[in-house]
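Here are some exercises to help you find your way around a new structure. Try each task by eye, then follow the worked solution.

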Amino acid sequence: MNPLQQLKKQGQSVWLDFIHRDLIESGELRQMVDTDGLRVVTSNPKIFQQAIVDSDVYDRQIEELLSSDPHISTPALYEALAVADIRGAADVLRPVFDQSGGADGFVCLEVSPHLAYDTSATIAAARHLWTKVDRPNLMIKVPATQEGIPAIETLLAEGINVNITLMFSLDHYAAVALAYLRALGKTENQRTISSVASFFLSRITRAADSALEEIGTEAALALKGKVAIANAKLVYRRFLEIFDGEAFQEFRQRGAQVQRVLWASTGTKNPEYSDVMYVEELIGPDTVNTMPPATFDAFRDHGHVRGATILDRVDEADATIRKLREVGIELDRITKQLQRDGVRKFQEPFDDLLNGLDEKRRSLQSRQTASPQHVE
């Protein structure tokens, strides 16, 4: 059996961190839903930058938009292209959304990363995208910054589905989960709210490994490659405490969904580690694994599902984080920096996307101007 399909039997949903118009129009997305059990697709500025700027697939729509409005702003041009893809993918995934009762079948679209530290602007942007896309299976991505938390709470209370991103620590996770509970307490439509808490992995590994190598002791080097997975296991333990606990029981009785933990940044960057380690080691009920295409293909090819591995060796996870402190590394300091860096790393490709699209529009407008005009 396809290993990707086996994850569903363990209560884990498979999401793909990729979107491209060819994926939608070729029928490949629908095939992945049918054969691989794909449940959701996500996007981010870098994905759109590669899709729109680095290919000619979108040129025809760009030309049509420019012909209709030669003075359209580049951000508005990007939005029109992105919304078309999001709607197309959402329509393909709508049967998954309906069959799952609104638990899966989403397409994720991010607010501008330049709004990460602006609560009111994030709320306004998310409302705008929600209205513009006009699909119930849209999920808006909002970062878990200090300013993002109240925006997340407001949006969820309004019935807007939210994928909370850029979480690296237990503190980040707790703030997001509690915001979800507060949002449920503010709305009567608890059954219709869907949210995931996206916890990033490979970036923690790279940062922790670098710090451990700098220390260089045997005790430090023994922790390489273990920190992100240990941290994730402790996050999942906290998830169980919150959503199996008393605070959520009343909402559960009213039909509210749990806010699932999502494992993000699951592409293994270090070739010394397994290319599917962030999947195999973190399988469990009420979780999501969002994979870049390379990890998706690798797990389909040679992944192993050994049961609910997220529940294995949690005591060792505690020990790993304790040993990290003993060798002189404060994980909280690393995770705070990773969130700041994460915002910047989303802003840079977003700017590259707009700059590249601006160059493309000028090129296409020049070509339109140079084309012979039809004369009656």
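Before starting, one definition: axes are lines fitted to C-alpha atoms, for helices over the stretch in contact, and angles run from 0 to 180 degrees between N-to-C directions. Please keep in mind that this is a predicted model.

**Exercise 1. Find which strands helix H12 lies across, and its angle to E7.**

Solution.
Step 1: Locate helix H12, residues 227-243.
Step 2: Look at what it covers: H12 lies across strand E6 (195-200), strand E7 (260-264) and E8.
Step 3: Compare directions; H12 runs at about 165° to E7.

**Exercise 2. Work out in what order the strands close into a barrel.**

Solution.
Step 1: Follow the pairing from strand to strand. The order is E1-E2-E3-E4-E5-E6-E7-E8, with 8 strands closing into the barrel and parallel pairing. From one strand to the next, the twist averages 30°.
Step 2: Recall the general rule: strands of a sheet pair through backbone hydrogen bonds, either parallel or antiparallel.
Step 3: Check where E1 meets E8. Strand E1 (residues 12-16) and strand E8 (residues 287-291) pair in the parallel sense over 5 bridges. One pair to look for is serine 13, whose bridge partner in E8 is valine 288.
Step 4: Go on to the next pairs. E1 and E2 run parallel and are joined by 3 bridges, and tryptophan 15 has valine 40 as its bridge partner in E2. E2 then pairs with strand E3 (residues 107-110) in the parallel sense over 2 bridges, where valine 41 stands opposite valine 107.
Step 5: Move to strand E5 (residues 162-167), which runs parallel to E6 and is joined to it by 4 bridges. Here valine 162 has serine 195 as its bridge partner in E6.

**Exercise 3. Decide how many residues of E6 are buried, and on which faces.**

Solution.
Step 1: Use the cut-off: buried means under 20% relative accessible area.
Step 2: Count along the strand. Since 6 of the 6 residues of E6 are buried, the strand is largely enclosed by the rest of the structure.
Step 3: Sort the residues by face, remembering that in a regular strand the side chains alternate between the two faces of the sheet. In E6, one side carries Ser195, Ala197 and Phe199, the other Val196, Ser198 and Phe200, and all are buried.
Step 4: Look at strand E2 (residues 38-42) as well; 5 of its 5 residues are buried.

**Exercise 4. Describe how H8 packs against H7 and against H9.**

Solution.
Step 1: Begin with helix H7 (residues 119-133). The axes of H7 and H8 come within 8 Å and cross at roughly 35°, and the crossing is right-handed.
Step 2: List the residues that touch. H7 supplies Thr119, Thr122, Ile123, Ala126 and Arg127, while H8 supplies Pro150, Ala151, Thr154 and Leu155. By class, this contact has 5 nonpolar, 3 polar and 1 charged residues.
Step 3: Turn to helix H9 (residues 170-185). H8 and H9 pack at an angle of about 35°, with their axes 8 Å apart, again in a right-handed crossing.
Step 4: List this second set. From H8 come Ile149, Glu153, Leu156 and Ala157, and from H9 come Ala175, Val176, Ala179, Tyr180, Arg182 and Ala183. The residues divide into 8 nonpolar, no polar and 2 charged.

**Exercise 5. Decide whether threonine 145 is buried or exposed, and find what it touches.**

Solution.
Step 1: Place the residue: threonine 145 lies in the loop between strand E4 (138-143) and helix H8 (148-157).
Step 2: Apply the cut-off. Threonine 145 is buried because its relative accessible area is 1%.
Step 3: Find its contacts. Beyond neighbours within four places in sequence, threonine 145 is in contact with Ala116, Tyr117, Gln339 and Val343. A polar atom of its side chain lies 2.6 Å from the backbone oxygen of alanine 116.

**Exercise 6. Find which residue's side chain joins that of aspartate 275 in a polar contact.**

Solution.
Step 1: Go to the loop between E7 and helix H14 (277-280), where aspartate 275 lies.
Step 2: Judge its exposure; with a relative accessible area of 33%, aspartate 275 is partly exposed.
Step 3: Review the contacts outside four places in sequence: Thr268, Thr295, Ala298 and His302.
Step 4: Pick out the partner. The side chains of aspartate 275 and histidine 302 are joined by a polar contact of 2.9 Å. These two residues are 27 residues apart along the chain, and their C-alpha atoms are separated by 9.7 Å.

Note on methods. Residues are numbered from 1 along each chain as its sequence is written. This is a predicted model: local features need pLDDT of at least 70, side-chain atom pairs count only at pLDDT 80 or more; totals for chains, interfaces and linings use all residues. Side-chain values use heavy atoms; hydrogens and water are left out. Buried means under 20% relative accessible area, exposed over 50%, partly exposed in between (1.4 Å probe, protein chains only). A polar contact is a pair of N or O atoms within 3.5 Å; within protein, one must be able to donate a hydrogen and the other to accept it, and residues adjacent in sequence count only if both atoms are side-chain atoms. Contact means heavy atoms within 4.5 Å. Two strands pair if DSSP finds at least two bridges between them. A crossing is left-handed if the near helix is turned anticlockwise from the far one by less than a right angle, and right-handed if clockwise. Ala, Val, Leu, Ile, Met, Phe, Trp, Tyr, Cys and Pro count as nonpolar, Asp, Glu, Lys and Arg as charged, and the others, Gly among them, as polar.
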